[in-house]
Amino acid sequence: MSDVLAVVEHRRGELRPVSFELLTAGRDLAAAMDEELHVAVIGGPVDRYVDRLNRAGVDVIHTVDNGAEFNHDVYVQTVDALCQTLEPGVLLTPHTVNALDYVPAVAIDREMALVTDVLELSVEDDTLLATREFYESKVTASMAVEDTPRAVTIRPGEWPAAEGIAETEVRFFEFEPDDESIKSHVEGYEEAGSSEVDVTAADFLIGVGRGIGEVENLALIEDLAEAGDATIAASRPLVDKGWFETGRQVGQSGKTVSPDVYLAIGISGAVQHVAGIKGADTIVAINTDPHAPIFDIADQAIVGDLFEIVPALTEQVHTQ
């Protein structure tokens with residue numbers, strides 16, 4: 001086995017939070033393998049990114065000054081070149097839209113075993129063990145990946161963000177992609193409509209589920225959100241009903257969030273929804289069913305009628 005290469009992500013001039021979770025996963029895996037953790041950042045203001053990636057446990061940071069934003073063709077060629085030069089035993093990336101765009105292509109080019117959406121990583125007798133979910137998250141299994149090299153994508157929210165400052169070696173990786181092979185580029189960004197809200201940026205997030213009953217009852221949630229300066233999110237059934245735009249959906253098929261407080265109202269706690277909220281610092285749940293699965297992960301459980309509890313909470317917040 002050889003070193004771990006973690007490729008971080010950035011968007012619009014900022015490193016994405018999952019990049020720091022990736023550092024933790026890579027650091028732990030490299031330690032278990034008794035190897036080094038190499039981190040690559042491709043494009044954007046790489047010098048500024050280096051300052052933030054200079055965390056304990058990172059052995060080398062490779063900067064590649066190619067473009068400002070993600071581009072499929074650039075990333076495939078660049079990561080392929082990094083792997084050819086560094087020959088890592090494991091290529092590690094976040095399980096994101098961007099990574100799923102380029103990692104399979106790199107895995108094919110480099111003849112890598114590929115495991116996606118991993119929840120946990122460990123090493124046993126030089127064999128990589130990758131834990132992931134199957135059958136709509138009803139079953140969790142650990143897969144033994146004996147072939148090398150391997151490519152692994154990790155699910156956001158499963159590892160804590162890396163901390164600590166270090167004096168990490170920085171190497172400029174000089175690589176020029178084949179311009180003729182680059183078939184697309186970013187023209188610009190268009191802001192989402194005013195109804196779209198970035199639930200991933202909220203400190204206080206209120207998630208509402210089927211327990212709300214009728215669409216008219218959402219007024220109760222809106223009053224509480226206004227009083228507490230909170231953002232409203234939704235479980236998939238309410239999005240499917242058309243009550244919320246898809247940008248507010250939280251869960252495995254929606255957004256992964258990590259607010260300071262996640263207040264789940266009328267949400268039973270299906271595994272798909274729980275997968276999206278594990279990163280919350282504190283989870284508070286309101287449900288009439290004392291055996292609701294949401295209570296298994298809640299830090300604070302309120303068993304009762306939301307139509308009585310929510311107005312009382314709103315009134316209490318107003319008096320603060």
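## Aromatic contacts

Let's start with the rings: the structure holds 4 aromatic pairs, where rings of Phe, Tyr and Trp (its six-membered ring) pair if their centres lie within 6.5 Å. Phe70, Tyr75 and Tyr102 are linked by ring pairs into a cluster. A charge also meets a ring here: Arg132 lies over the face of Phe134, at 4.9 Å from the ring centre. For such a contact, NZ of Lys or CZ of Arg must be within 6 Å of the ring centre and within 35 degrees of the ring normal.

This is a predicted model, so local features need pLDDT of at least 70 and side-chain atom pairs count only at pLDDT 80 or more, while totals for chains, interfaces and linings use all residues. Residues are numbered from 1 along each chain as its sequence is written, and side-chain values use heavy atoms, with hydrogens and water left out.

## Strand 6 and its partners

Strand 6 (residues 90-94) is mostly covered, with 5 of its 5 residues buried; buried means under 20% relative accessible area with a 1.4 Å probe, protein chains only. Strands are DSSP runs of E, at least two residues long, and helices are runs of H or I with at least four, numbered from the N terminus. In a regular strand the side chains alternate between the two faces of the sheet. Here Val90, Leu92 and Pro94 point one way, and Leu91 and Thr93 the other way.

Strand 6 runs parallel to strand 1 (residues 4-7), joined by 3 bridges; pairing needs at least two bridges found by DSSP. Leu91 is the bridge partner of Leu5. Strand 6 also pairs with strand 11 (residues 150-154) in the parallel sense, over 5 bridges, and there Leu92 stands opposite Val152.

## The five-stranded sheet

Further along, 5 strands form an open, parallel sheet in the order 14-13-15-16-17. Its edges are strand 14 (231-234) and strand 17 (300-303), each pairing on one side only. From one strand to the next, the twist averages 20°; angles run from 0 to 180 degrees between N-to-C directions, with axes fitted to C-alpha atoms, for helices over the stretch in contact.

Within this sheet, strand 15 (residues 261-265) and strand 16 (residues 282-287) share 5 bridges in the parallel sense, and Leu263 has Val284 as its bridge partner in strand 16.

## Helices on the sheet

Helix 8 (residues 306-319) packs on the sheet and touches strand 15, strand 16 and strand 17, contact meaning heavy atoms within 4.5 Å. The direction of helix 8 makes about 135° with that of strand 16. Helix 5 (residues 218-228) lies across strand 13 (204-208), strand 14 and strand 15, running at about 175° to strand 13.

Methods:
Rings of Phe, Tyr and Trp (its six-membered ring) pair if their centres lie within 6.5 Å; planes under 30 degrees apart count as stacked, over 60 as edge-to-face and the rest as tilted. Buried means under 20% relative accessible area, exposed over 50%, partly exposed in between (1.4 Å probe, protein chains only).
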